[in-house]
Amino acid sequence: MSKPAKFNREETIQKAANLYWQKGFHATSMRNLQEVIDMRPGSIYASFGSKEGLFKEALQHYATSGIVQLNQCIADNDSPIAALKQFVETAVLANRNCAPSGMCMLVKTVAELTDENADLLEQAKRSLVMVETAFAELLAQAQVQGEVDTQQTPQALARFLQIQIIGIRTYAHANSDDNTIQDFIDAIFSNPPLAMQS
């Protein structure tokens, strides 16, 4: 008697995240999920509690993956600002064809959901704050190293950077000119408040 295939939770969540990223929460049906993650409804409910439960884990997976990517950029660079620039380039340009949508899944979720899905909406907002906090920690290091002016707090700089990334990713979703997008990224780090100090 053959053993059933082992359930790989992380792989399943990644597949679900890509589907939710592509279609959004409301447009993703249970049938869509069944086909993509190759699980029956009963197994989905037993493993994740509900479509909403799986979506929460997909959001968390997406945010955590972003932090892992940021940490890799930090490991690759001595400069905090260089690490942030590499992260933005990877998120906007290098990964634009790796997922169904170039737009940030967290931003798409915040834009899509209403108070009817308050729990999921809060999860997405918390995940955005988690990423922004990681930016702030790195920007604080950049200030200590003299790379960035100290007139603004690291939190304010992190919010500025988050807004720039959201804007460029949204633009990149509708425009395929990589050179123009690279110019936008370069401008973030060559103009105040994130211009490297000479």
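This is a short group-meeting talk on a predicted model of one protein chain.

Hi everyone, thanks for coming. Please keep in mind throughout that we are looking at a prediction. Let me start with the overall picture and then walk through a few places in the fold.

The protein chain has nine helices and zero strands. Reading from the N terminus, then, the order of elements is simply α-α-α-α-α-α-α-α-α. If you lay the C-alpha trace along its principal axes, the spans come out at about 70 × 35 × 30 Å. There are 198 residues in the chain, and 43% of them are buried. As for contacts with a separation of 6 or more, 66% are made by residues 24 or more positions apart.

A word on the surface. About 10,700 Å² is exposed, and carbon and sulfur atoms supply 50% of that area. The chain carries 16 positive and 22 negative charges, and the mean positions of the two sets lie 11 Å apart.

Now to helix packing. Take helix α5, residues 80–94, and helix α7, residues 118–144: their axes come within 8 Å and cross at roughly 145°. Which residues meet there? On the α5 side they are P80, I81, A83, L84 and F87, and on the α7 side F135, L138, L139, Q141 and A142. Sorted by type, the residues of this contact are nine nonpolar and one polar, with no charged residue.

Next, helix α6, which covers residues 105–112. Its buried residues are M105, L106, V107 and T109. What covers them? The cover includes α1 (9–23), α4, α7 and α8 (154–174).

Let me zoom in on V107, one of those α6 residues. V107 counts as buried because its relative accessible area is 17%, and the cut-off for buried is under 20%. Leaving aside residues up to four places away in sequence, V107 touches L128 and I166. The pair V107 and I166 is 59 residues apart along the chain, yet their C-alpha atoms are separated by 7.5 Å.

So what about I166 itself, buried or partly exposed? I166 sits in helix α8, and at 27% relative accessibility it counts as partly exposed. We can also relate I166 back to L84, from the α5 side of the contact with α7. I166 and L84 are 82 residues apart in sequence, and 14 Å apart in space, C-alpha to C-alpha.

Over in helix α4, residues 51–76, please find H61. With a relative accessibility of 16%, H61 is classed as buried. Which residues does H61 touch, if we skip those up to four places away in sequence? They are E10, I13 and Q14.

I'll finish with two backbone details. As background, most residues other than glycine have a negative phi, and most peptide bonds are trans. In the loop between α2 (30–37) and α3 (41–48) we find D38. The phi of D38 is near 55°, a positive value in a residue that is not glycine. D38 is also exposed, with 68% relative accessibility.

The other detail is towards the end of the chain. The peptide bond from P192 to P193 is cis, and its omega is near 5°. P193 belongs to the segment after α9 (178–190).

That's my tour. Thanks for listening, and I'm happy to go back to any of these places on the screen.

Definitions and conventions:
Residues numbered from 1 in each chain as written. Predicted model: local features only at pLDDT ≥ 70, side-chain atom pairs only at ≥ 80, totals over all residues. Heavy atoms only, no water. Helix = DSSP H or I, 4+ residues; strand = E, 2+ residues; numbered from the N terminus. Buried < 20%, exposed > 50% of the residue type's maximum accessible area, 1.4 Å probe, protein only. Contact = heavy atoms within 4.5 Å. Areas by Shrake-Rupley, 256 points an atom, 1.4 Å probe, with all protein chains shown as cover. Lys, Arg positive; Asp, Glu negative; His and termini not counted. Charge placed at Lys NZ, Arg CZ, Asp CG, Glu CD. Axes fitted to C-alpha atoms, helices over the stretch in contact; angles between N-to-C directions. Nonpolar A, V, L, I, M, F, W, Y, C, P; charged D, E, K, R; others polar.
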